[in-house]
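Reader: I'm new to this one. Could you show it to me and let me ask how you know things?
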2 protein chains.
Amino acid sequence: MSVELDTMVEARLRGAGQRYTGQRRDLVRLLADADSPRSIPQILAEARDMKQSSAYRNLAELEHAGVVRRVPTDEEYGRYELAEDLIGHHHHLVCSNCGTMRDVEVPADLEATLDRTLDRIAKSAGFARVQHRLELVGLCADCAATG
Amino acid sequence: MSVELDTMVEARLRGAGQRYTGQRRDLVRLLADADSPRSIPQILAEARDMKQSSAYRNLAELEHAGVVRRVPTDEEYGRYELAEDLIGHHHHLVCSNCGTMRDVEVPADLEATLDRTLDRIAKSAGFARVQHRLELVGLCADCAATG
DNA sequence: TCGGCTATGAGAACCATTCCCATTCTCGCC
DNA sequence: GGCGAGAATGGGAATGGTTCTCATAGCCGA
């Protein structure tokens, strides 16, 4: 986890009247080291000694402070990743069978085309401040091999 | 609701060993008439006399038969829409404040560009049979006006 | 060091969703 | 047209991820 990230997270938490405690630092580090959104079970498994209620509470605080984002999925468990302005704009590759996700980036010119086109569509529908979310859903190599 | 849609739905249900009952017909009609994914509360409000347990059970059956699709959202309730091969490929405009959704279509050439580019990305990551999901997230006119 | 405020942990509470089961309906068959 | 088997329905109980509560512990400024 970079020093800059650490500093920005602390600033955002302080701005929301919160402290940057050890557990919250663990959560941020865990998410920063991952290359994909992490589910609650993964987080509890990877963060030794983190209590379930603390994990939920702290993820909610971090989300409120704009540090993490909850990613909607088809799965039963929620997934979290660092806010996009902290780790950069990206999209997700999702396995329709096992649910695993991986961060991916698409070419800048495609992003630009998307933004331009979608902005026009959104405006004509009366929507403001529009961002796009793009997900690639398919079968991961493991699931394709297994079945 | 068109006759063709009705016929296709019935065929899919029969293929799954299910009947195309009145309640299921109501659900399909309701979703066909909507221009956006419908949440469970909306469905229960719009389908007079439909019992909650029946709505959940029948939506699950319809999903299993490939007639409807559950749409993941940030909200507390699930949303459902007709399967894409029944109503055509489309995307969603989502209000980040109130959660309402609206179906939108993007230009065919952008779709083509997306498919081409994303397919390459997915293949290089070992993913097969990849489709894309695109969502435009912003503030709807009502929410922008209110606050 | 003290006082007030925040964080933590354990469990209870919540609530959308799923499950269960007794009753009712459908449809093929005679 | 009536029977019987299997499917659908409805009401409520059970499930389980998530949130809430509250007593205790920790942190930080004065």
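Author: Here come some questions about strands, DNA and symmetry. This is a predicted model, where local features need pLDDT of at least 70, side-chain atom pairs count only at pLDDT 80 or more, and totals for chains, interfaces and linings use all residues. Residues are numbered from 1 along each chain as its sequence is written, with chains lettered from A and ligands numbered from 1 in the order in which they are written.

Reader: What makes E1 and E3 of chain A a pair?
Author: Strands (DSSP runs of type E, at least two residues) pair if DSSP finds at least two bridges between them. Strand E1 (residues 38-39) of chain A and strand E3 (residues 79-82) of chain A have two bridges, in the antiparallel sense, so they pair under that rule. Ser39(A) sits opposite Arg79(A).

Reader: How many bridges join E2 of chain A to E3(A)?
Author: Four, with E2 (residues 68-71) and E3(A) running antiparallel. Here Val71(A) stands opposite Arg79(A).

Reader: Which residues come nearest to DNA strand D?
Author: Tyr56(A), Gly78(A), Gln23(B), Ser53(B) and Ser54(B), out of 18 around that strand. A residue counts as near if its C-beta atom, placed from the backbone, lies within 6 Å. H4(B) (a helix is a DSSP run of H or I, at least four residues) gives the most to this surface, with four residues.

Reader: Why is the relation between chains A and B called a two-fold axis?
Author: Chain B can be laid on chain A by a turn of 180 degrees and a shift of 0.0 Å along the axis, with an RMSD of 0.1 Å. That is the relation of a two-fold axis. The superposition is by least squares on C-alpha atoms of residues with pLDDT of at least 70 in both copies.
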